[in-house]
Every structure is written in structure tokens, then in C-alpha cells.
Protein chains: 4
Amino acid sequence: MSQFVFPVRVYLEDTDAHGMVYNASFFRYLERARTEWLRAHGVDHTFLREQERVVLVLVGTEIKFTRPARLDDMLYITAELSQLKGARFIFEQSVRRESPDGELLCKGTAEVACMDSEQLKARRVPAALLSVLSE
Amino acid sequence: MSQFVFPVRVYLEDTDAHGMVYNASFFRYLERARTEWLRAHGVDHTFLREQERVVLVLVGTEIKFTRPARLDDMLYITAELSQLKGARFIFEQSVRRESPDGELLCKGTAEVACMDSEQLKARRVPAALLSVLSE
Amino acid sequence: MSQFVFPVRVYLEDTDAHGMVYNASFFRYLERARTEWLRAHGVDHTFLREQERVVLVLVGTEIKFTRPARLDDMLYITAELSQLKGARFIFEQSVRRESPDGELLCKGTAEVACMDSEQLKARRVPAALLSVLSE
Amino acid sequence: MSQFVFPVRVYLEDTDAHGMVYNASFFRYLERARTEWLRAHGVDHTFLREQERVVLVLVGTEIKFTRPARLDDMLYITAELSQLKGARFIFEQSVRRESPDGELLCKGTAEVACMDSEQLKARRVPAALLSVLSE
């Protein structure tokens, strides 16, 4: 159950007319970190879809935003798998500024389900995936 | 404390390679509905910023996604103000397919803070805004 | 060869920290207008993909941005099919503010190719589609 | 007049239900590369806005998309300044897959204007900026 930190730069595309990072951009950052966590375990979405016929889909999330992020900020996004059973992954995630130990901007939980790629119904995590994730 | 329903069409921009609406797109939809709820009360972001020197910022959210949305779907997004005190609005929100009473795709809560537009610090909701919102 | 106008509201999601609509948001608007033009002809992407096994893909574009759009603006996006032969559609498009005859913000051309949905190779526009588009 | 290459990973957020990278995502990538080109010259948007009171805004673009990009692809985005006079920058840009010399996916030109950050009117490139860019 490793912690994982992924750096993300804030671009114009991520900001809004209030002069801060738009809320939905944080959900894109959090998903990038989960995807890179997966890749760090040797697995990507394309492999899961084509070889295992599954997709990983966000089915619930709870987030607190404590401080705004700004254009040009360097952010550090964490993804820590706190639970994995049946078809569900629970990730603890956070966003910090400037360094992995920097100011906390956002913190929360993401619940991800393993689903059949055709029918989009929940399906137990394939053994091959379970095995690499627990290494 | 009125309920409000706003229709949203799903475009290619909202979908992802899993063939469904990408999770962050739902947060854009939910924010559109809150913005249109505000507009239905005679207020918009530009007015708030320029006349009242405040911005409304998402500071927390809790969402469950129960079914995927698809390209070309017509969605109905609700925004119901359940609480308003100090600097905080709590909205109950949901997304349904095809009609305002259609299949439930997503449901949750959004906590929005009123902030000073320059310093991005929490600030009591201005009286002028409180007054139109309680009409 | 009909002209078509589609209204779009500017939301926070579309703007950037410069206080204007971010450039890529215009490309989303232009694509929405082309999609609604198609729908006005009785066809949508889901039908094309599932029944005709084709997708319509942007393969080239040339755009001039003449004035910025702002948060809360109401925009009117046109899509006029100027040419359709083989696998290619050429659309003339524009964005105006406040009314379909309002101030011009952006103007250009979009070249869209009809492609096989599996192999993403150019394919002649299906007869069924040609027929509804020329009605 | 240096060439500059910036790597970009394709995430779910960038793709669409056709199974490829959505067209507007390429414009986000191209802008990231121009922003990183600027940063490589020691300048960022925040500095330009706060110190020089200017913003850099896309005012025209011409792009050809020759091949689709896919989820999980590693892309290499170039930004080469081909012209800089008055208030205008012209960039030649391209997107290649897997390596800076890989398969060409997209190629074109971006015209960027230097504008006053308050009034959004064209303004000569500040001397301080011209000087670092010509180093």
C-alpha cells in the first residue's frame, strides 16, 4: 500500500476567470495521479482494456479544497491505495504546492470501481492486476 | 429554498476513451447548474465580482456516480440550496438522464464559499445577495 | 447548404486566469455547433457510430480570434457547410456575442473527415448521411 | 530562434468517445508547449502579468491533424518562434508520438499577440521580454 506523488504544472487551461485553478481541474489532476500510480505498477488503461477487458471508473469522491492554486504553480498530487477489495479501490489523495511537503490545497478520497469494459458493470479486479498491485 | 433543474447535452468534449462521460465533466455540469440557479435569482458571477467584490468558490464536495452518462445524452442537473449561513452555501445536486425525473446518474453535495475577490478569503455573503437569494 | 446558429453560454470552466475565454474552449464551442448542425439534420454521433460505423473527425482548422469573450457572455456559434465531397466536409464557422448578428469574436474554417470508426481511416460519406444532409 | 520540445502524456481527460484525443486537447497541448518555451527563457505568465502588465493571447491558428493520438500515448510538442515583431509572435508547432522524431500527428502555426492585461488591446512586446527571448 504505497504512497505515490506526481508533479503537475498549472497551465492557463486549468485556471478560470476568478484567477485560480477551476474546481474540475483538480479532478483531472487527481485522476492523472491515479493513472500514474497504476503505470508505476506496470499497468496502463490501454492494457487493462485490451488485455483484461476492464476499465477503472470513479464511482464516488469526497474532497475538501482548503486553498486556491494559481497559474504557474507546481503542484504535487498524491495517490495512496488505502483499500482494495472485490471490485473497489479506495484512494486517499491530496494536492500540495511547490513541494511534496508543501502547503496543502486539497485533500480527499476517491472510490474507483473495476468494470467490464463493454457493459460497464462492476467486476472483480482481475487476478493479474491484483497481483501487480500488491507487489 | 427552491429546487432548480438545468438541461445539459453531452458533447464529445465531455466524454472519454472508455466511451462514457469523464468524471471531471460532471463537476463542470454541476457548476453550470449552480451558476444558472444564481442567474435565475437575477445574479451572475460578473455582477458579484464587479459590484460586490466577491467570488463563489467550491470548497468541498461529496459525489456518488451510480450510472455512466453517454455521448449525445440529454442530462438534467439539479441545484437545491439546502443551507446558507455566514460565508457558506450548501447545495444538494443530482444528474438524471433524459428527463428531470429520469434515471439517476449522480448525486451529491457541493459546499460553496463566498470569498473576497482579491484576497480569496472567506467573507460573509453580501446583504444584497442574501436578499435576492431568499426571495 | 444551410447556415446554422447555436447559442452557447460562457461558464467558469471556459475561462482562464487572463479573465477571458481560453482558446481551446472556442474549439469546443465550434464542435458543439457542428454536432448540433448534424442533429438538426436528424443525425447524431451515436447513430453514425452504431449504424453507419463512421466517426466525424476534425482534420484541419484555420481560425482568427478578433476579440476576447468573457465570463457570462452569451455567444452565437455558426456552422455552414460550404463543401462536401468524398470523405470531407468543409464548414465555415463564426462566433458572435449577444446576438446572432452581434460583435464578431472569431471566424474560420473547419475541415472534418468521415472515418471508419474502428480503423480511423478516411471513408466516403455514407449514402444515408449524404442524403439527409442534402435535404 | 530556438526549437523547443515538450513531452506530454495523454490522459483520459484528453480523449473522447471516438477513442482518440479530442481536437481541443491538442490546442491545450500546443499552448502548454508555448508556455514551457517561455519558461525555458526565464519568463512565465505570472511574471508577465504582474511585472509587465501584459498577457500573451492566441489570435490565430492554422492546424492540420494527420493521425489520431490515443490514450496513454507519449507525445512530443514543439514550439519554434519563427517571427517576432511589433506585438506578434508566430510559432511553428508540431506533435509527434513516442519520440521527438516519431510519427507526425499534427502540425501548424500559432499567432500570439502581446496584449495589455487590463484592456486586452495589442501592445508592443516589452523590451525586457524581447531581450530574454532573443538571448
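Copies here are superposed by least squares on the C-alpha atoms of residues with pLDDT of at least 70 in both. This is a predicted model, where local features need pLDDT of at least 70, side-chain atom pairs count only at pLDDT 80 or more, and totals for chains, interfaces and linings use all residues. Residues are numbered from 1 along each chain as its sequence is written, while chains are lettered from A and ligands numbered from 1 in the order in which they are written.

**Exercise 1.** Work out which rotation and shift superpose chain C on chain A.

*Solution.* Start with the operation: chain C lands on chain A after a rotation of 180° with 0.0 Å of shift along the axis, at an RMSD of 0.0 Å. The two copies are thus related as by a two-fold rotation axis. Next, look for the residue of chain C that comes closest to that axis: it's C:D16, with its C-alpha at 2.0 Å.

**Exercise 2.** Describe how α1(C) and α1(D) cross, and find the residues that meet.

*Solution.* Helices (H or I, at least four residues) and strands (E, at least two) are DSSP runs, numbered from the N terminus. Axes are lines fitted to C-alpha atoms, for helices over the stretch in contact, and angles run from 0 to 180 degrees between N-to-C directions. Both α1 helices span residues 23-40, and their axes come within 8 Å, crossing at roughly 170°. That makes the pair roughly antiparallel (angles over 145 degrees count as such). Now the contacts (C-beta atoms, placed from the backbone, within 7 Å): C:N23, C:A24, C:F27, C:R28 and C:E31 meet D:N23, D:A24, D:F27, D:R28 and D:E31.

**Exercise 3.** Pick apart the side of chain A that touches chain B.

*Solution.* Count first: 19 residues of chain A are in contact with 19 residues of chain B. On the chain A side, α1 (23-40) and β2 (54-65) are the elements that give two or more residues. β2(A) supplies the largest share, with ten residues.

**Exercise 4.** Trace the sheet that runs through chains A and B, and place the helices on it.

*Solution.* Strands pair if DSSP finds at least two bridges between them. Begin in the middle: β2(A) and β2(B) pair in the antiparallel sense over five bridges, with B:K64 as the bridge partner of A:G60. Going outwards, you get an open sheet of ten strands, β1(A)-β3(A)-β4(A)-β5(A)-β2(A)-β2(B)-β5(B)-β4(B)-β3(B)-β1(B), with antiparallel pairing. Its edge strands are β1 (5-9) of chain A and β1 (5-9) of chain B, and the twist averages 30° from one strand to the next. Finally, α1(A) packs on the sheet, touching β2 of chain B as well as β1, β3, β4 and β5 of chain A.

Methods. Parallel < 35°, antiparallel > 145°, perpendicular 65-115°, else oblique. Contact = placed C-beta atoms within 7 Å.
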